[in-house]
Each structure stands twice: as structure tokens, then as C-alpha cells.
Amino acid sequence: MTDPKRLIVNLFEMNTVGHITHGMWRQPGNQREHYKDIGFWIELAQLVESGGFDSIFIADVLGAYDVYKGTADIALREGIQIPNNDPLLLIPAMAAVTKHVGFGVTFSTSYEPPFTFARRMSTLDHLTDGRVGWNVVTSYLPNAARNFGLEEQIPHDTRYEIANEYLDVLYKLWEGSWDDDAVLIDREGSVYTDPARVRPINHAGQHFKVAGPHLSEPSLQRTPVIFQATASPAGIDLAGRHAEVIFTGGRAPGAVAKNISAIRDANERNGRRRDDTKFLVQAAVIVGRNDAEVTEKLDRYRRFTSIEGKFVHMSIPFEPAAHPQDISVREALTREGKQDVIDAGGMPLDITVGQLAKSVNESWDQQFFVAGTPTVVADEIERWLDAEGIDGINLRQYHSFETARDFVELVVPELRKRGRVRDAYADGETLRERLFGEGPRLPERHYGARYRGGKNLD
Ligand SMILES: Cc1cc2nc3c(=O)[nH]c(=O)nc-3n(C[C@H](O)[C@H](O)[C@H](O)COP(=O)(O)O)c2cc1C
């Protein structure tokens with residue numbers, strides 16, 4: 001008999017007060033406002049490591065949400081991803097008090113140049129002994145563009161084109177610039193690094209010009225584990241070449257399977273194996289010791305949910321409540337003079353305003369939602385793994401630290417009994433080894449490996 005498929009467990013986080021479950025910070029006893037304290041992250045990291053989590057994933061945005069009603073006031077008032085702090089700086093603190101849990105961190109390819117980012121990630125890979133991953137994003141907030149000197153956002157597909165070159169520069173630095181045996185630490189011979197084994201990259205592309213050499217010596221993984229979330233053709237193209245872990249979702253039946261198979265096809269087009277990418281879904285797991293506890297949590301979370309917060313987060317470009325609910329979205333946008341939004345596509349135009357409001361309201365109670373006692377929850381997670389074809393979950397939090405603690409204390413023991421979560425971590429394992437069971441480095445068939453030993457740098 002083959003072993004049951006193991007669940008990858010990732011905690012979905014952000015260095016902010018309100019990440020995706022808007023309004024929840026108001027719950028009595030919720031610790032969210034302590035996101036700015038180092039102790040918050042230390043406690044959280046230790047908690048999830050005690051439950052065998054694979055990683056903590058930290059989202060990030062570089063602007064305020066100001067599309068809905070044309071203002072950032074609601075985001076500010078309701079604590080919707082603002083205030084927020086830098087995600088990378090949390091990692092050394094959490095790494096210092098843990099040994100195993102991995103860290104996925106978000107960084108955008110659209111605004112800051114690749115050279116310094118390459119060094120920052122190498123530093124983190126060193127400090128964590130190979131426990132870091134990078135969530136590649138191109139940033140979707142118009143305000144972020146204005147924070148970096150642009151009048152408006154770079155068009156969607158151009159952002160992905162830039163991201164492709166950005167990754168190229170990074171691989172040249174991470175994989176190609178230093179040989180494994182470059183660092184000699186030869187005290188007698190007075191040689192720290194053998195210069196013959198380090199080279200510049202001399203990248204001269206359309207968007208970046210970088211001489212090199214990389215400033216950091218090789219770390220355990222060299223390239224951090226590459227995470228991405230996408231459903232667009234340009235994004236899937238990028239994922240097929242680069243991504244090792246994909247966040248996927250969607251409420252429509254079959255949406256996840258479609259996304260998975262499109263990315264597996266893209267893997268093949270890039271000379272990779274279909275299963276070279278793992279798929280995690282955002283999961284809402286509400287668990288209680290008994291039905292009364294489950295009901296209490298469900299009621300409480302519903303009571304504190306901010307519906308308007310969801311409109312803000314989804315950057316809905318008009319106010320649904322200000323229109324009759326039975327007119328189409330197209331008509332509402334036309335009445336507000338927002339022809340540009342209609343032309344840009346992306347919005348469902350032919351549903352009614354009422355349907356849009358309802359779907360936004362339900363948008364995060366997706367198909368990966370379960371509320372129940374530990375056995376009910378474990379049954380449903382096993383179904384996601386076996387029937388939906390996912391590899392793991394990105395655990396959405398409603399309360400800090402109730403959500404993580406519940407999962408550790410109630411769900412993990414049940415999943416361990418069923419062989420879905422390991423009983424213990426393997427010592428000294430990098431994040432990539434934990435996820436893929438091969439070596440700590442990108443496999444030879446991955447695009448980034450082409451620069452090893454200084455090959456293909458010209
Ligand atoms: C689970 C998940 C997490 C995400 N985290 C971030 C994030 O932290 N920062 C960000 O700018 N975008 C984030 N995104 C948005 C994606 O980077 C991307 O813009 C979105 O999936 C649309 O991609 P597409 O236009 O290629 O389909 C996230 C998306 C998902 C599904």
C-alpha cells in the first residue's frame with residue numbers, strides 16, 4: 001500500500017492588523033494589534049512549529065487600498081492591510097527561535113531592483129539554514145505605482161515580462177555568480193575566496209543592467225523556493241517556467257483543477273515535470289472540541305466580519321449599495337462614468353449589482369471551507385487532498401492565535417493519526433527538501449539551473 005498523500009500546511013499571514021478576514025481584529029482577545037511587536041511573531045512561529053507546520057507565508061502590499069469609493073479612508077479606518085510593516089524583517093526573529101518551520105515571503109518585481117533583493121534573500125537563506133521561499137508578485141495596487149514615481153500601474157502583461165527578466169537576473173546572481181567551492185577560508189594561504197571561482201554576471205537586458213558579482217556567498221538553497229499565485233495566461237507562463245509552489249483557489253466548481261492542469265501543462269512546455277509544482281489552496285478551517293464550540297466560533301466570526309472591508313480589499317470600483325440591486329454591473333459603471341473599467345475587462349459586467357455584492361460577500365467562504373469537530377475537519381481536508389488534487393493548504397486566520405492554536409491542538413493530532421502530517425520534522429532539512437524530497441537546490445531541469453558554473457551568462 002502506498003503512503004497517504006501528505007498535507008503541506010502553510011500559515012497565511014501578513015505583517016499587518018487585518019490581512020484577509022476583515023473586521024476580525026475587533027474580537028475581544030484578538031492579538032492582531034500586536035503585529036508590530038517582535039514577541040507576537042516569536043510566539044506565533046513557536047506555536048506553528050510545535051504543530052509541524054511546513055511554513056509561514058507572509059503576504060505584502062506596497063500601497064493603500066483606495067479604489068473602492070476612491071479613498072483610502074475605509075482601509076485606514078478598518079485596518080485593511082494598513083498599517084503594515086515590512087515582511088522580510090520578521091524572518092530572522094522567527095528563525096532564531098525555531099529550527100524547522102519554513103518562511104515564504106512576498107516581494108514585488110515591479111518596483112525595487114533585483115540586485116539588492118538578491119542579497120537580502122541570500123542573507124535570509126543563510127540566517128535560516130535554507131528555510132526561505134519567495135512569493136513572486138508583480139503588485140496590483142494603483143497606489144503602489146504612485147508610491148514609486150509612476151502615474152499609473154504598469155500594464156498587467158508588461159509587469160510579468162519585467163518579472164521574467166527580474167528572475168533571470170536573480171538566477172544569474174544566485175546560481176551562476178559563485179561556484180560552490182569558491183569560499184576557501186584558507187587561513188594559512190590567506191585566501192578567503194578564490195577569485196577564479198567568482199564571476200560577474202554582466203546582465204544587460206531590456207529592463208535591468210547588472211554587473212555583479214553577487215555579494216553573498218552561496219547559501220544552502222541558493223535560490224529560495226519560488227512561490228506564486230496566478231490564473232492569467234501571462235502569469236501561468238511565468239509559473240510554468242519558475243514556480244515551485246502555487247497558491248490557487250476560486251469558487252467555481254472545477255476552477256482549481258483547471259488552474260492546476262494549466263500550470264502543469266506550462267511546466268511541461270518548460271522542460272519540467274508536471275508535478276514539479278505543488279498547489280496550495282486558501283483554506284478556512286474552523287474547528288471546535290464539540291458542535292457548540294464550532295457554532296460559537298462561526299457565529300462570532302460572522303458577527304465581526306466587515307462586508308465593506310471585502311469591497312475595499314477586492315478594489316470594487318463602484319459602490320454596490322448606491323445602485324439598484326437589479327441593474328447590471330455594466331449599467332452601474334456606465335452611470336458612474338467608469339467606461340475605462342468596462343474597457344479594461346476583469347470585472348464581471350453582465351451580472352447584477354446584487355449578484356456581485358453577494359459573490360463578494362461570499363468570496364472567501366470558498367469551496368475550501370470546513371467547520372466542525374476534528375474528525376469532520378480531517379475528513380474534509382483528506383477529500384481536498386485526494387479528490388480535488390491539491391497538495392496543501394494556506395490556513396486563513398480569523399483570530400490570533402486562536403486559529404493557529406486550534407489547528408495545532410485539534411486538527412494536527414487527527415491528521416497525524418491518518419498519516420497526513422508527519423510526526424516530526426527531519427533534522428537539517430531545507431524548505432525545498434521538505435516540499436520536494438530532492439536536494440536543497442533547484443533541480444537541474446529548472447530554468448534557473450542553466451546558469452550554474454557560469455554557463456549561459458553571456
Ligand atoms: C493566496 C494568494 C496570496 C497572494 N498574496 C499576494 C501578496 O502578498 N501581494 C501581492 O501583491 N499579491 C498577492 N496575491 C495576488 C497575486 O500576486 C496575483 O496578483 C493574483 O493572483 C492575480 O494574478 P494573475 O493576474 O496572474 O491571475 C496573492 C494571491 C493569492 C491567491
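A charge is taken to sit over an aromatic ring if NZ of Lys or CZ of Arg is within 6 Å of the ring centre and within 35 degrees of the ring normal. In the present structure, which is a predicted model, Arg241 meets this criterion with respect to Tyr447: the charged end of Arg241 sits over the ring, 4.7 Å from the ring centre.

The model contains 22 aromatic pairs. One of them is formed by Phe40 and Phe401, whose ring centres are separated by 4.9 Å and whose planes enclose an angle of 40°, a tilted arrangement. Phe40 belongs to helix 1 (residues 38-50), whereas Phe401 is located in the loop between strand 13 (392-395) and helix 15 (402-417); the pair therefore ties together parts that are 361 residues apart in sequence. Phe40 has a relative accessible area of 4% and is buried, since the cut-off for burial is under 20%. Phe401, with a relative accessibility of 6%, likewise counts as buried.

Tyr447, the residue beneath the charged end of Arg241, also takes part in an aromatic pair with Tyr171. This pair is tilted, with 6.0 Å centre to centre and 55° between the planes. Distant parts of the chain are again linked: Tyr171 lies in helix 6 (residues 156-176) and Tyr447 in the segment after helix 16 (431-436), 276 residues apart. Both tyrosines are assigned to the buried class, Tyr171 at a relative accessible area of 0% and Tyr447 at 13%. A further aromatic assembly is a single cluster composed of Phe107, Phe117, Trp134, Tyr166, Trp174 and Phe208.

The ligand is surrounded by 17 residues, of which Asp60, His156, Tyr160, Thr230 and Ser232 are the closest. By residue class, the shell divides into eight nonpolar, eight polar and one charged. Several contacts involve oxygen atoms of the ligand. An N or O atom in the side chain of Thr230 is 2.6 Å from a ligand oxygen, and a backbone N or O atom of Ala229 lies 3.1 Å from an oxygen atom of the ligand. For Thr106, a polar side-chain atom is found 3.4 Å from a ligand oxygen. The ligand taken alone exposes 630 Å², of which 77% is buried by the protein. Strand 4 (132-137) and helix 6 are the elements that give two or more residues to the surrounding shell. Helix 6 thus also appears in the aromatic description given above, as the element that holds Tyr171.

Notes:
Residues are numbered from 1 along each chain as its sequence is written. This is a predicted model: local features need pLDDT of at least 70, side-chain atom pairs count only at pLDDT 80 or more; totals for chains, interfaces and linings use all residues. Side-chain values use heavy atoms; hydrogens and water are left out. Rings of Phe, Tyr and Trp (its six-membered ring) pair if their centres lie within 6.5 Å; planes under 30 degrees apart count as stacked, over 60 as edge-to-face and the rest as tilted. Helices (H or I, at least four residues) and strands (E, at least two) are DSSP runs, numbered from the N terminus. Buried means under 20% relative accessible area, exposed over 50%, partly exposed in between (1.4 Å probe, protein chains only). A residue is near a molecule or strand if one of its heavy atoms lies within 4 Å of it. A polar contact is a pair of N or O atoms within 3.5 Å; within protein, one must be able to donate a hydrogen and the other to accept it, and residues adjacent in sequence count only if both atoms are side-chain atoms. Accessible areas come from the Shrake-Rupley method with a 1.4 Å probe; for residues, only the protein chains shown count as cover. Ala, Val, Leu, Ile, Met, Phe, Trp, Tyr, Cys and Pro count as nonpolar, Asp, Glu, Lys and Arg as charged, and the others, Gly among them, as polar.
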